[in-house]
Amino acid sequence: MSQAKGQTLTVSVHACADNVGEAAAERVAGLVRGNPTAVLGLATGSSPVPLYEALALTDVDLSAVAAFALDEYIGLPAGHPQSYATVVRSQIVELLGLSPGRVHVPDGEPADEVRAGSAYESEIRAAGGVDLQILGIGSNGHIGFNEPGSSFSSRTRVVALADRTRRDNARFFETLQAVPTHAMTQGLATIFEARHLLLIAHGPSKARAIQRALSGPVTEDFPASLLQRHPGVTVFLDEAAAALL
Ligand code: F6R
């Protein structure tokens, strides 16, 4: 492992995705040992899976933690295997022993989108804000589902998914047509308010996005570049994802 400290972010590079997961899990476990009622922000997708698996192997008690998922597809029926409510329940809550009543996922079938977005913001605020937000990164630089062009001041809202995101995520669905076209996502300003951000990426397909996020211009055209302005960011990478740094 090699590590470099910058003014605002720490980059931690490991040999493989499993090692990335172990190191990131130790970071989360350390937070929860010190604060058993910490508020976590949860990413879904493949990047944080090794973290969740490694966290499940620690002795840390996560039952008093509160958690807020970053996003949810719009329009998938309740119980759909790829809805993030289902993924969060089956791949995170059950695995980690979180208390289901403390875990929140944006509403994927909102009667009123605007009201649902601000209700989610209110729930985060009422919980005291997010202590540690776990993030993956899209190949186009999205975080949450804040696609290129999203405002840095954006809040939880419904967004259209970029074609590239739908193609990237088609691997979770039977066909490209089955991938939802819209999602409810925490906004960039929402994410930025978390006290600490923990970004995870592994594999060569993320190398260019990581390079642009960490050393490219800070621009709404590449939303993850906003991380350069946050005072507490840790980036856990494998060597392939770190290859262009
Ligand atoms: C998921 C999320 C997305 C993913 C990103 C990377 O909740 O918010 O930003 O983190 O699309 O996905 P994976 O990890 O599957 O490559």
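Me: Which residue has a polar side-chain atom 2.5 Å from an oxygen atom of the ligand?
Reply: The model is predicted. A polar contact is a pair of N or O atoms within 3.5 Å. A side-chain atom that meets this cut-off, at 2.5 Å from a ligand oxygen, belongs to Ser-47.

Me: Which residues place a backbone N or O atom 2.8 Å or 2.7 Å from an oxygen atom of the ligand?
Reply: The backbone atom at 2.8 Å is part of Ser-46. The one at 2.7 Å from a ligand oxygen is part of Gly-144.

Me: How much of the accessible area of the ligand does the protein cover?
Reply: On its own, the ligand has 410 Å² of accessible area. The share of this area covered by the protein is 95%.

Me: Where does the ligand sit, and how much space lies there?
Reply: The site of the ligand is the largest pocket. The space in this pocket is about 440 Å³.

Me: Which residues of the lining are the closest to the centre of the largest pocket?
Reply: The lining is made up of 24 residues. Closest to the pocket centre are Ile-137, Gly-138, His-142, Asn-169 and Lys-206.

Me: Which helix gives the largest share of the lining of the largest pocket?
Reply: The largest share amounts to three residues. They come from a helix spanning residues 163–169, namely α5.

Me: How many residues around the ligand are nonpolar, polar and charged?
Reply: The shell holds 14 residues, with Ser-47, Asp-71, His-142, Gly-144 and Lys-206 coming nearest to the ligand. Around the pocket, the lining has seven nonpolar, 13 polar and four charged residues. For the ligand shell, the counts are three nonpolar, eight polar and three charged.

Note on methods
Residues numbered from 1 in each chain as written. Predicted model: local features only at pLDDT ≥ 70, side-chain atom pairs only at ≥ 80, totals over all residues. Heavy atoms only, no water. 1 Å grid on protein atoms, 1.4 Å probe; cavity = no way out; pocket = protein on both sides within 12 Å on 5 of 7 lines; lining within 4 Å. Points joined across faces, edges and corners; volume = space filled by probe spheres on them. Helix = DSSP H or I, 4+ residues; strand = E, 2+ residues; numbered from the N terminus. Nonpolar A, V, L, I, M, F, W, Y, C, P; charged D, E, K, R; others polar. Near = heavy atom within 4 Å. Polar contact = N/O pair within 3.5 Å; in protein donor to acceptor, adjacent residues only side chain to side chain. Areas by Shrake-Rupley, 256 points an atom, 1.4 Å probe, with all protein chains shown as cover. Sits in = over half its atoms within 2 Å of the grid points.
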